[in-house]
Amino acid sequence: NIGFTAEFERSVVFNHHQLIAEANLFQFDSRARRSNCWYSKDEDIFHCLPGAYILGMPKSGSSELWERLVKSGALRAKRKETRFFTRGEFGRPRTGYLDNSTSLTDFARAHREASKSIETEIRVKGFSDGVVLDGGPHTLWWSAQAHDGTDSGAASVPAIFFQISPLRHSFFFVTLTEPGRRAYSDYWFLAEDGVVRPDS
């Protein structure tokens with residue numbers, strides 16, 4: 001029992017068929033050969049969904065992996081942690097929890113800058129093989145949306161992730177390390193930020 005059973009067992013509020021129907025309306029741009037990208041006429045914005053994810057764990061080398069993947073040029077990301085899925089980790093989010101009003105476009109907006117790089121490459125080369133990278137290292141283990149583990153009435157993060165993940169083949173990266181060293185490193189990391197107070 002990890003303390004989040006109420007949310008973890010809750011039926012997902014997303015309708016997968018509804019998301020598929022929404023995606024079919026987007027008319028994905030075939031010039032983005034390895035990404036789900038589309039042009040929104042209403043917003044005058046080029047959107048792309050992530051096709052690669054660093055799922056975790058924290059303090060296990062995810063930042064170094066993110067830097068190496070972005071430097072390779074094939075994976076595109078402007079910032080490492082968008083916290084789209086784990087937005088409630090540190091308190092009630094200002095933008096609200098994820099629910100049945102959350103759309104694929106909302107997810108894509110979290111990666112606007114990365115989408116711009118693919119759009120620019122298409123304009124220059126006529127195509128792009130770039131893939132948007134979502135680098136949140138907490139997605140693997142943060143199952144509940146509420147920061148204190150209480151039942152917020154929202155679907156669990158794993159259930160949301162399963163339903164809203166891109167329609168094409170995606171890449172998933174998981175970084176792990178020895179649990180004791182990871183916990184020790186995370187403890188002092190949080191202590192430096194004042195989240196926890198070291199014993200005197």
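This briefing covers one helix, three backbone features in loops, and the internal cavities of the structure. The model is predicted. Helix α5 spans residues 112-125 and has one buried side. A cis peptide bond joins G56 to M57. A search of the whole structure finds two cavities of 30 Å³ or more.

**Helix α5**

- Helix α5 has 14 residues, and at 1.5 Å a residue it should span 20 Å.
- Its end C-alpha atoms are 20 Å apart, so the expected span and the model agree.
- Which residues of α5 are buried? They are A114, S115, I118, E119, E121 and I122.
- These residues cover an arc of only 160° around the axis, which means that they sit on the same side of α5.
- Two glutamates, E119 and E121, are thus among the buried residues.
- R123 and V124 lie on the other side of α5, and both are exposed.
- What do the buried residues of α5 pack against? Their partners are four strands: β1 (36-40), β2 (45-49), β4 (75-76) and β5 (131-134).
- Just after α5 comes G126, with a positive phi of about 90°.

**Loop between β3 and α3**

- This loop runs between β3 (52-56) and α3 (62-71), and M57 is found in it.
- The peptide bond from G56 to M57 is cis, and its omega is near 0°.
- K59 lies in the loop between β3 and α3 as well.
- K59 is not a glycine, yet its phi is positive, near 60°.
- Is K59 buried or partly exposed? It counts as partly exposed, because its relative accessibility is 33% and the partly exposed class lies between 20% and 50%.

**Loop between β1 and β2**

- D44 sits in the loop between β1 and β2.
- Its phi is positive, at about 55°, although D44 is not a glycine.
- D44 has a relative accessible area of 54%; exposed means over 50%, so D44 is exposed.
- The two strands that flank this loop, β1 and β2, are among those that the buried residues of α5 pack against.

**Cavities**

- The largest cavity has a volume of about 50 Å³.
- T82, R83, F84, F85 and T86 line the largest cavity, together with D134, G136, H138 and T139.
- How does this lining divide by residue type? Two residues are nonpolar, five are polar and two are charged.
- D134, one of the lining residues, belongs to β5 (131-134), a strand that the buried residues of α5 pack against.

Key. Residues numbered from 1 in each chain as written. Predicted model: local features only at pLDDT ≥ 70, side-chain atom pairs only at ≥ 80, totals over all residues. Heavy atoms only, no water. Expected span 1.5 Å × (residues − 1). Buried < 20%, exposed > 50% of the residue type's maximum accessible area, 1.4 Å probe, protein only. Arc of directions from axis to C-beta. Contact = heavy atoms within 4.5 Å. 1 Å grid on protein atoms, 1.4 Å probe; cavity = no way out; pocket = protein on both sides within 12 Å on 5 of 7 lines; lining within 4 Å. Points joined across faces, edges and corners; volume = space filled by probe spheres on them. Nonpolar A, V, L, I, M, F, W, Y, C, P; charged D, E, K, R; others polar.
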